[in-house]
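Visitor: I'd like to learn how to read a structure like this one feature by feature. Could you walk me through it?

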Amino acid sequence: MRVLGIDPGLTRCGLGVVDGSIGRPLTLVDVGVVRTSAELSVPERLVTIEKGIDARLDEFRPDAVAIERIFARSDVSTIMGTAQSAGIAMVCAARRGLPVALHTPSEVKAAVSGNGRADKAQVGAMVTRILRLDAMPKPADAADALALAITHIWRGGSQARIDAALAASRATRSRLPGGVR
């Protein structure tokens, strides 16, 4: 499975592509950050982010996209920019018919470090170890994007199989005489 992890942000949007499956070593395919200038208008910044995401989707053709779920912070302007960037990421994936998964920061931290309250340095160190890299990806947005992709491979893949099994079970029950439930 190939996953594009996206750590959304209006100034820096982390993008990381990872190949792998549960129980097998994971491989770094690509990592980077789309940067936008605060001097540009928000619509122009969002177009820059869209182009960066589209380019990764076209070049690396992931099977799924994992995006950090937005959570409330005290700075509303930060939340808005992050949410707008995440929305662009979802549209880019949906346009291609790719499944999109949203993972919370604590879920990602727990998946890669075993601690849902790990700091950025711990997450970066574990991403470096998991992907067998020589150096920690920088900036932190890049490491976070890789952590999202790793989390999705380890957790999201199994969740997708559970969801598919539940859907198949519901479909089977609805075809039974009397719609047994």
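Guide: Let's start with a word we'll lean on: a residue is buried when its relative accessible area is under 20%. Keep in mind that this is a predicted model.

Visitor: Good. How many residues of strand 4 are buried?

Guide: Strand 4 spans residues 64-68, and 5 of its 5 residues are buried.

Visitor: And how do I read the two sides of a strand?

Guide: The general idea is that in a regular strand the side chains alternate between the two faces of the sheet. In this case, one side of strand 4 carries Ala64, Ala66 and Glu68, while Val65 and Ile67 sit on the other. Both faces are covered.

Visitor: Which strands does strand 4 pair with?

Guide: Pairing is read from bridges, and two strands need at least two of them to count as a pair. Strand 4 runs parallel to strand 1, with 4 bridges between them; glycine 5 has alanine 66 as its bridge partner there. Strand 4 is also parallel to strand 5 (residues 100-103), again over 4 bridges, and isoleucine 67 stands opposite leucine 102.

Visitor: Now the nonpolar residues. What's the idea behind a core?

Guide: In soluble globular proteins, nonpolar side chains tend to be buried together. The largest nonpolar core here has 20 residues, and Ile6, Ile53 and Val65 touch the most other members. Strand 1, strand 2 (12-19), helix 1 (42-60), strand 4 and helix 2 (76-95) each give two or more residues to this core. A separate core of 18 residues lies apart from it, with Ala64, Ala66, Ala149 and Ile153 among them.

Visitor: What does valine 65 touch, beyond residues up to four places away in sequence?

Guide: Valine 65 touches Leu4, Ile6, Leu57, Ala93, Leu98, Pro99, Val100 and Ala101.

Visitor: Let's move on to helices. How should I read helix 1?

Guide: An α-helix has 3.6 residues a turn, so residues three or four places apart point the same way. In helix 1, the buried residues are Arg45, Leu46, Ile49, Gly52, Ile53, Asp54, Arg56, Leu57 and Phe60. They pack against strand 1, strand 2, strand 3 (27-35), strand 4 and helix 2.

Visitor: How does its span compare with the expected one?

Guide: Helix 1 has 19 residues and covers 27 Å from first C-alpha to last, close to the 27 Å expected at 1.5 Å a residue. Just after helix 1, arginine 61 has a positive phi of about 45°.

Visitor: Arg56 is on that buried list. Which side chain does arginine 56 meet in a polar contact?

Guide: That of aspartate 30, at 2.9 Å. Aspartate 30 is in strand 3. Leaving out residues up to four places away in sequence, aspartate 30 touches Leu15, Gly16, Val17, Arg56, Phe60 and Leu146.

Visitor: How about the ends of a helix?

Guide: Helix 4 (residues 120-130) makes a handy example. At its N-terminal end, aspartate 119 acts as a cap, with a side-chain oxygen 3.2 Å from the backbone nitrogen of alanine 121. Following helix 4 comes arginine 132, with a positive phi near 55°. The buried residues of helix 4 are Val123, Gly124, Val127, Thr128 and Ile130.

Visitor: Last topic, annotations. Which residues does UniProt list under "active site"?

Guide: The unreviewed UniProt entry lists Asp7, Glu68 and Asp141. They are spread over 135 residues of sequence, yet they cluster in space, with a largest C-alpha distance of 10.9 Å. The UniProt entry, unreviewed, also has a "binding site" annotation that covers Glu68.

Visitor: Are those three buried or exposed?

Guide: Aspartate 7, in strand 1, counts as buried because its relative accessibility is 5%. Glutamate 68, in strand 4, is buried with a relative accessible area of 12%. Aspartate 141, found in helix 5 (residues 140-175), counts as buried at 12% relative accessibility.

Visitor: What are aspartate 7 and aspartate 141 in contact with?

Guide: Let's leave aside neighbours within four places in sequence. Aspartate 7 is in contact with Arg12, Cys13, Gly14, Glu68, Asp141, Asp144, Ala145 and Leu148. Aspartate 141 is in contact with Asp7, Arg12, Gly14 and Val33. The side chains of aspartate 141 and arginine 12 also make a polar contact of 2.6 Å.

Terms used:
Residues numbered from 1 in each chain as written. Predicted model: local features only at pLDDT ≥ 70, side-chain atom pairs only at ≥ 80, totals over all residues. Heavy atoms only, no water. UniProt positions renumbered as here; feature names shortened; annotations may be inferred. Buried < 20%, exposed > 50% of the residue type's maximum accessible area, 1.4 Å probe, protein only. Contact = heavy atoms within 4.5 Å. Polar contact = N/O pair within 3.5 Å; in protein donor to acceptor, adjacent residues only side chain to side chain. Core = buried A, V, L, I, M, F, W, Y, C linked by side-chain atoms within 4.5 Å. Expected span 1.5 Å × (residues − 1).
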